[in-house]
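Please look through the sequence and the structure shown here, and then follow the paragraphs below, which go from one part of the chain to the next.

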Amino acid sequence: MKTQGDKNRKERGNRAMKYLIIGAGGTGGCIGAYMTEAGKDVTLIARGAHLAAMQADGLRMETTKKGNYTVKPVKAADMEHYGERPDVVFVCVKGYSLKETVPFIRRAAGPETVVIPILNIYGTGGRLQEQLPELLVTDGCIYIAAEIKEPGCLWQNGDIFRVVFGVRKPSEYRAVLAEVKKDLDDSGITGVLSDNIQRDALQKFSYVSPAATCGQYYDAMAGEMQKPGKVRDTFAALIAEIDALAAAMGIHFETDIVQTNLDILDSLTPEASTSMQRDVKKGKASEMDGLVFEVVRMGRKYGVKLPVYEKIAGELRQRGFS
């Protein structure tokens, strides 16, 4: 019996799915490494020394899950020199870099290309869809602790590696999304094709936003947040405020979101931190607006009091962040 995936492959001339991953940091780089290792057709978009190192020596992976190894060769290019037509585009850049991807996606994509944003900021898919009305843009999120250790080398911390994605409206569903899930699963990545992506993306946000907010406020890594005390209590209080915000938005989690996120935190090694914290320490642009200040704005929009977020946001502004 032929499956929808068989039909889709026939329509593509029996060729495998072609993936484009914009951004080769901890998120996009790990997706690209795992999928390349599994024999999938993947191209990573990067730049500078990281791109040059991947092109010359492949992508080195240092992981607590699979040990240390190198994926070579990897297909990697910058935006200017990419000339293929992808079936699927994973957008794995920071929120502040999203705008610059739009002209590139528009140039690279075909009419049937599906765009799957994997960003920390809640609601990215809907905003990107407005800029790319000619394409299907889903929503998505990822559970992973990883970062660039040095050019051409990624550090993946912990066992969790899950990509959650889906359409916001049932009428937008395409069978190709089930193929994406299968390709992720084949690659050792847990693919979750969500039937309620707005809930599931907000659930991920309910971890990453409190973790970044609490970590930045106390200058704390995971180890300090894992210990009983005020840092951990603040993290839990921030999660509870996201839960209250979700209820006001008509979104109801199917789990005890505070305990779920504490369990995620406790699964990390003590030196783990969020990408926002690392960017701030390096004096780089960060996602603080989308991860901290946007939550306060959302609280005001939906009439929800968020005293812990408001206090921390105010103090971060006093420290010169905006």
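Which residues in α7 meet which residues in α13? In this predicted model, Ser209, Pro210, Thr213, Gln216 and Tyr217 on the α7 side meet Tyr309, Lys311, Ile312, Glu315 and Leu316 on the α13 side. Sorted by class, the residues of this contact of α7 with α13 comprise 5 nonpolar, 3 polar and 2 charged. Helix α7 covers residues 197–218 and helix α13 covers residues 307–318, and the two pack at an angle of about 50 degrees, their axes being 11 Å apart. With that angle, α7 is oblique to α13, and the crossing in which α7 passes α13 is left-handed.

Helix α13 also meets another helix, α9, which is made up of residues 230–248. The axes of α9 and α13 come within 8 Å, and they cross at roughly 115 degrees. On the α9 side, Thr234, Ala237, Leu238, Glu241 and Ile242 take part, and they meet Pro307, Val308, Tyr309 and Ile312 in α13. The residues of this contact of α9 with α13 divide into 7 nonpolar, 1 polar and 1 charged. Tyr309 and Ile312 of α13 therefore appear in the contact with α7 as well as in the contact with α9.Helix α9 has a further partner in helix α12, residues 288–302, and here the axes come within 10 Å and cross at roughly 40 degrees. That angle makes α9 oblique to α12, and the crossing of these two helices is left-handed. Ile242, Leu245 and Ala248 in α9 meet Val295, Met298, Gly299 and Tyr302 in α12. By class, this contact of α9 with α12 has 6 nonpolar residues, 1 polar residue and no charged residues.

From the helices, the reader can turn to the sheets. Three strands form an open sheet in the order β9-β12-β13, and the pairing in this sheet is mixed. At its edges lie β9, residues 139–143, and β13, residues 190–193, each of which pairs on one side only. From one strand to the next, the twist averages 15 degrees. Strand β12, residues 162–166, runs antiparallel to β9, and 5 bridges join the two. Within this part of the sheet, Ile142 stands opposite Val163 in β12. Helix α7 comes back into view here, since α7 packs on the sheet and touches β9 and β12, with a direction that makes about 35 degrees with that of β9.

A second open sheet has 4 strands in the order β4-β3-β11-β10, again with mixed pairing. Its edge strands are β4, residues 67–71, and β10, residues 146–150, and each of them pairs on one side only. The twist in this sheet averages 25 degrees from one strand to the next. Strand β3, residues 59–63, is joined to β4 by 5 bridges, and these two strands run antiparallel. Among the paired residues, Thr63 has Gly67 in β4 as its bridge partner. Helix α3, residues 48–57, lies across β3, β4, β10 and β11, the last of these being residues 153–156, and α3 runs at about 100 degrees to β3.

What links distant parts of the chain? The structure holds 25 salt bridges, and one of them is formed by Lys40 with Asp186, where the closest N and O atoms are 3.3 Å apart. Lys40 sits in the loop between α2 (26–37) and β2 (41–45), whereas Asp186 belongs to helix α6, residues 176–186, so that the pair joins positions 146 residues apart in the chain.

Two details of the backbone remain, and both are found in loops. Most residues other than glycine have a negative phi, and most peptide bonds are trans. Against that background, a cis peptide bond joins Lys72 and Pro73, with omega at about 0 degrees, and Pro73 is found in the loop between β4 and β5 (75–77). Asp219, although it is not a glycine, has a positive phi of about 50 degrees, and this residue is found in the loop between α7 and α8 (222–226).

Methods: Residues are numbered from 1 along each chain as its sequence is written. This is a predicted model: local features need pLDDT of at least 70, side-chain atom pairs count only at pLDDT 80 or more; totals for chains, interfaces and linings use all residues. Side-chain values use heavy atoms; hydrogens and water are left out. Axes are lines fitted to C-alpha atoms, for helices over the stretch in contact, and angles run from 0 to 180 degrees between N-to-C directions. Angles under 35 degrees count as roughly parallel, over 145 as roughly antiparallel, 65 to 115 as roughly perpendicular and the rest as oblique. A crossing is left-handed if the near helix is turned anticlockwise from the far one by less than a right angle, and right-handed if clockwise. Contact means heavy atoms within 4.5 Å. Ala, Val, Leu, Ile, Met, Phe, Trp, Tyr, Cys and Pro count as nonpolar, Asp, Glu, Lys and Arg as charged, and the others, Gly among them, as polar. Two strands pair if DSSP finds at least two bridges between them. A salt bridge is a side-chain nitrogen of Lys or Arg within 4 Å of a carboxyl oxygen of Asp or Glu.
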